[in-house]
Amino acid sequence: MTPPGPTPDNFSPDGRRPSAPMPKTPNPETTSPAATPTPLDPIFSDSRRVSKFLAKGDPLDILAREIGPRFADYRRRWDLAKSFQEIPPFPLHVDYELKSLCNLRCPMCPMATRQGPPDPQTLSLSQTKALIDEGAENGQASMGFGGLWEPLTSKDLPELIAHGRRKGLLEAMFNTNGLLLDAKTSQALIEAGLTRLMVSLDAATPETYAQMRPGSDFRQVEENIMAFLAARRKAKSTLPLLRLSFCLTKLNQPELPAFLERWHNKADFFSLQSYGRFDDSAPALFPEARGPAGPSDRTVPVAPPSGRCAQPFKRLMVRHDLTVLPCCDLSGLTLTLGRADQGLSQIWQSLSLAALRQKLKDSPFDDLPEACQKCQRKFQPPNLPHSQIPPAIA
Ligand code: SF4
């Protein structure tokens with residue numbers, strides 16, 4: 001699932017930098033006809049909602065070097081699935097949402113309006129291991145802990161990651177708000193074989209951070225990130241790669257240059273994400289961060305939605321209550337495919353998933369499921385003025 005924030009879409013095994021830089025959406029506020037190419041080229045976009053750019057080289061090249069030849073084959077299969085050319089026999093990536101629980105209530109996240117106690121249903125250690133085993137036997141290459149939750153609220157993560165890597169999975173990753181990322185946890189995750197860690201930071205000052213992530217502690221999270229880097233150095237390991245994420249709003253956009261300056265020689269790559277409301281009928285959770293023309297208003301698309309989404313060609317999401325979804329986007333919550341205890345293979349081969357794929361690949365936008373239309377309408381790409389990227393990054 002993935003509103004920008006403590007959860008993932010923001011979380012994705014996607015991310016190959018195209019061989020030629022992707023064309024950037026012009027920003028009428030900042031682009032003049034005389035504009036010439038600038039060193040912004042390191043920025044690339046792999047979806048309409050997330051742009052990534054590099055601090056230390058292409059993360060996929062680094063991962064290929066570190067993980068070995070099987071990684072290249074996995075990415076080849078990923079690219080074939082992503083371009084609708086091939087459906088793998090089993091999802092290449094599966095997200096496991098172990099709980100429905102977060103330690104924060106960030107205003108850009110649906111958890112902010114969650115009432116009452118957390119859903120007591122959880123994906124247990126043994127259930128998750130069994131799902132990982134099924135994946136490992138069927139060619140799954142990557143595992144994540146995405147969903148509508150904070151993964152570090154589970155103490156099972158290192159054990160599950162180690163289990164998956166032992167069984168042959170090539171990648172393990174998750175998004176976190178970083179508040180619970182203490183030094184001991186970092187060490188355990190590194191030893192377990194985590195390959196990518198994505199921390200949402202969203203600010204360069206404690207004041208702005210307090211509005212973006214109320215209840216968290218800016219200094220503590222910064223300290224945790226530094227402790228993670230120290231633990232990685234101590235382990236003499238290149239992995240896990242560290243991605244820092246920044247959910248762009250009117251509120252924090254002025255701090256983007258300072259954020260990049262602060263972290264460009266520490267993070268391996270960055271992700272800039274669109275802000276938007278998950279549910280248009282819900283009250284605006286963050287009205288001060290929205291604007292009629294700014295990149296913070298998800299409800300005003302700047303480009304026509306493409307109608308093409310390849311998520312169900314390459315991944316599945318297992319929720320804490322065992323329901324299975326075809327994607328990691330919150331809009332897909334209504335696209336339930338079945339229950340994980342019937343077997344992910346069966347769900348992956350099901351007629352209902354085949355029908356969804358067919359629609360996403362071939363149907364006009366208006367014929368897509370309502371959830372997919374809504375999903376594609378609600379985002380617009382982060383649209384960065386070139387001047388906001390410090391020369392050190394370029
Ligand atoms: S378009 Fe549909 S399948 Fe794709 S991410 Fe959005 S809700 Fe999920």
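1. Leaving aside neighbours within four places in sequence, F246 is in contact with L201, D202, L256, F259, F270 and L272. F246 is also one of the residues with the most contacts inside the largest nonpolar core, alongside V318 and V324. That core has 87 residues. In soluble globular proteins, nonpolar side chains tend to be buried together.

2. The model is a predicted one. The protein has 394 residues, and 49% of them count as buried. There are 11 helices and 11 strands. Among contacts with a separation of 6 or more, 77% are between residues 24 or more positions apart.

3. Helix 7 covers residues 218-234, which makes 17 residues. From its first C-alpha to its last, helix 7 reaches 24 Å, close to the 24 Å expected at 1.5 Å a residue. Its buried residues are F218, V221, N224, I225, F228, A231 and R232. These lie on the same side of helix 7, because they cover an arc of only 150° around the axis. The face turned away from that buried side carries the exposed residues R219, M226, R233 and K234.

4. What covers the buried residues of helix 7? The cover includes helix 5 (183-192), strand 6 (196-200), helix 6 and strand 7 (241-247). Just after helix 7, K236 takes a positive phi of about 55°.

5. Helix 6, part of that cover, spans residues 206-212 and holds Q211. Q211 is partly exposed, because 17 other C-beta atoms lie within 10 Å, below the 20 needed to count as buried and above the 12 that would make a residue exposed. Q211 and L251 are 40 residues apart along the chain, and their C-alpha atoms are separated by 8.6 Å.

6. Helix 3 runs over residues 125-137 and has 13 residues. The span from its first C-alpha to its last is 18 Å, close to the 18 Å expected at 1.5 Å a residue. Buried in helix 3 are T128, L131, I132 and G135. They cover an arc of only 100° around the axis, so they are on the same side of helix 3. On the other side of helix 3, S126 and E137 are exposed.

7. The buried residues of helix 3 are covered by elements that include strand 3 (93-96), strand 4 (142-144), helix 4 (157-166), strand 9 (315-318) and helix 9 (344-348). G139, which follows helix 3, has a positive phi, near 95°.

8. Which residues surround the ligand? They are C309, Q311, P312, P326, C327, D329, S331, G332, A371, C372, C375 and Q376. This shell divides into 7 nonpolar, 4 polar and 1 charged.

9. One of the residues around the ligand, Q376, can be set against F365. The C-alpha atoms of F365 and Q376 are separated by 9.5 Å, and the two residues are 11 apart along the chain. F365 is found in the loop between helix 10 (351-362) and helix 11 (370-377). F365 counts as partly exposed because it has 14 C-beta neighbours inside 10 Å, where 20 or more would make it buried and 12 or fewer exposed.

Technical notes: Residues are numbered from 1 along each chain as its sequence is written. This is a predicted model: local features need pLDDT of at least 70, side-chain atom pairs count only at pLDDT 80 or more; totals for chains, interfaces and linings use all residues. Helices (H or I, at least four residues) and strands (E, at least two) are DSSP runs, numbered from the N terminus. Two residues are in contact if their C-beta atoms, placed from the backbone, lie within 7 Å. The expected span of a helix is 1.5 Å times one less than its number of residues. The arc is that of the directions from the helix axis to the C-beta atoms. A nonpolar core is a set of buried Ala, Val, Leu, Ile, Met, Phe, Trp, Tyr and Cys residues joined through C-beta atoms within 7 Å. A residue is near a molecule or strand if its C-beta atom, placed from the backbone, lies within 6 Å of it. Ala, Val, Leu, Ile, Met, Phe, Trp, Tyr, Cys and Pro count as nonpolar, Asp, Glu, Lys and Arg as charged, and the others, Gly among them, as polar.
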